[in-house]
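Hi,

Here is the structure I promised to pass on. Have a look through it first, and my notes on what turned up follow right below.

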Amino acid sequence: MKIKFIGAAREVTGSKHLITTKEGKKILLDCGMFQGKGMETDAMNRNLGFDPAEIDHIILTHAHIDHSGLIPYMYNNGFEGSVICTNATRDLCAIMLSDSGHIQELDVKWYNKKLAKKGLPPVHPIYNDKDAEECMKLFIGVAYNRRFYFNDKKSHNGINVKFTNTGHMLGSSVVNLEIKEGDKTIRLAYTGDIGRPRNRIIQPPAPFPQCDYLITESTYGDRLHQADKESEEDLLRIITETCVDKGGKLIIPSFSIGRTQEIVFVLNNLYNDGRLPKIDIFVDSPLSVNATDVFRMHTECMNEHVKEVLKYDPDPFGFNTLHYIKNVDDSKKLNDYKKPCVIISSSGMMEAGRIKHHVANNISDPKNTLLIVGYCSPTSLGARIQQPGLKEISIFGEMHPLNAKIEKIEAFSGHGDYNEMKEFLHCQDTAQLKKTFLVHGEYKTQQTYRDILNKDGFSNIEIPAPGEEFELS
């Protein structure tokens, strides 16, 4: 059996890891888009590095686009296998892939205007929302902690998978794969993205079965998060300083799934406690609105604290001064909204979506604050805007003075820091691990994290290069 690391190898986005069994079965672990490089990523996403028609199964760890976003493109190019994931991941993919298709169309429309001015032929979107809708018929939802057998009857060897919770987002999971080849069974665990042990909404990460080969993320492999309570107090402080003291707007770029709901839940608790200033809070993202409805459907994934809140607050994602915005015209009206307010909008890296317009319209006013609450890949607008000493920034091809205050609270990230990831992996007996692969991280960060894991008893750790292949036996 072989595994080839195609995406998220020495970088953070584009998760794709291809397993080929001795019988020739091809299983793709995640099918994510490369993100954070503007139109440069278009060519990277179109060049899969394999024939989609040859893939038998895609197994998804979770619904984030850098892990699921190329499934409609695979479908358009001949993939007819099954997509296996948790039930919540399936429900989230139904809205997230459609939203991604819509964004592809808008981005290409803007890009084609630039091409037309240069007399160059137009390009076509990698897929659209209709393609995303069509590919959903391939999805199979599986409950947590249930073994799912999906090999065909002609094979003499068995393949099964079990999903266990990682606490990264609703429906996120470790892929616990067992592949029998002859008289041997190879146990492979792929963690996907690892959440924090004290998630504000969903169940904490759970131990996963012992494996022979471990593939694990390393996004925050060189840093530690501040405590949850400190981050909540910081959020309240930033809202007060920006909106009450200065009369400005607080702009929060946030991923629509997970991060937005977590921030809203914290604001809801502050509102219930009578501590939230009396200002309007806007969640300006159609995807966030739809995703919040999916969260309401999956209360089985909620942690004990949320279940306690539900006893006296039937909607922990809604309060009187919170407004969800879906309509484009209502979104544009926020440009002329003169009162102090908080605007939460996607995407978190500021590369696409309505947030780019909010940043462009508010970044030059010193009364305003831009609050970063998650990871931004190095080439993204979100990373560039954080550069020390930066005086101006290009957004939509126009330069904007950077006068607003830039703040950062990493504790709202859905990724565990290096201590939290390390603790999560302690369920494994390192003596039984044949090899550990680090993915989903910048190379320098991965090298630091490898040293941390080595000191903790992990050995034979590989940091695969893009396209590198390994034999598993």
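Cys-211 is buried, with a relative accessibility of 1%. Keep in mind that this is a predicted model, and that every value here was computed from it. Cys-211 is in no disulfide: the nearest cysteine sulfur belongs to Cys-427 and sits 8.1 Å away. Cys-31 is buried too, at a relative accessible area of 0%. Its closest cysteine sulfur is in Cys-135, and because the gap is 9.4 Å, the two are too far apart for a bond. A disulfide would need the two sulfurs within 2.5 Å, and the count for the model comes to zero disulfides.

Salt bridges are another story: the count comes to 23 of them. The ones I'd look at start in helix H6, which covers residues 228-245. Glu-241 and Arg-237 both lie in that helix, four residues apart, or about one turn. Their side chains meet in a salt bridge, with 3.3 Å from N to O. Both are partly exposed, Glu-241 with a relative accessible area of 28% and Arg-237 with 31% relative accessibility.

Each of these two also reaches over to strand E19. Arg-237 forms a salt bridge with Glu-407 at 3.5 Å, N to O. That pair links distant parts of the chain, since Arg-237 is in helix H6 and Glu-407 is in strand E19 (residues 405-408), 170 residues apart. Glu-407 counts as buried, at 13% relative accessibility.

Glu-241, for its part, pairs with Lys-405, and the closest N and O atoms are 4.0 Å apart. Glu-241 is in helix H6 and Lys-405 in strand E19, so this salt bridge ties together parts that are 164 residues apart in sequence. Lys-405 is partly exposed, at 38% relative accessibility.

So which residues end up in one network through shared salt-bridge partners? They are Asp-234, Arg-237, Glu-241, Lys-405 and Glu-407.

One last thing to find on the surface: a patch of positive charge where Lys-109, Lys-113, Lys-114, Lys-117 and Lys-118 gather. Lys-109 is placed in helix H4, which runs over residues 87-117. With 55% relative accessibility, Lys-109 counts as exposed.

Cheers

Technical notes: Residues numbered from 1 in each chain as written. Predicted model: local features only at pLDDT ≥ 70, side-chain atom pairs only at ≥ 80, totals over all residues. Heavy atoms only, no water. Buried < 20%, exposed > 50% of the residue type's maximum accessible area, 1.4 Å probe, protein only. Patch = residues over 30% accessible without salt bridge, like charges linked within 9 Å, V, L, I, M, F, W, Y side chains within 5 Å. Areas by Shrake-Rupley, 256 points an atom, 1.4 Å probe, with all protein chains shown as cover. Lys, Arg positive; Asp, Glu negative; His and termini not counted. Charge placed at Lys NZ, Arg CZ, Asp CG, Glu CD.
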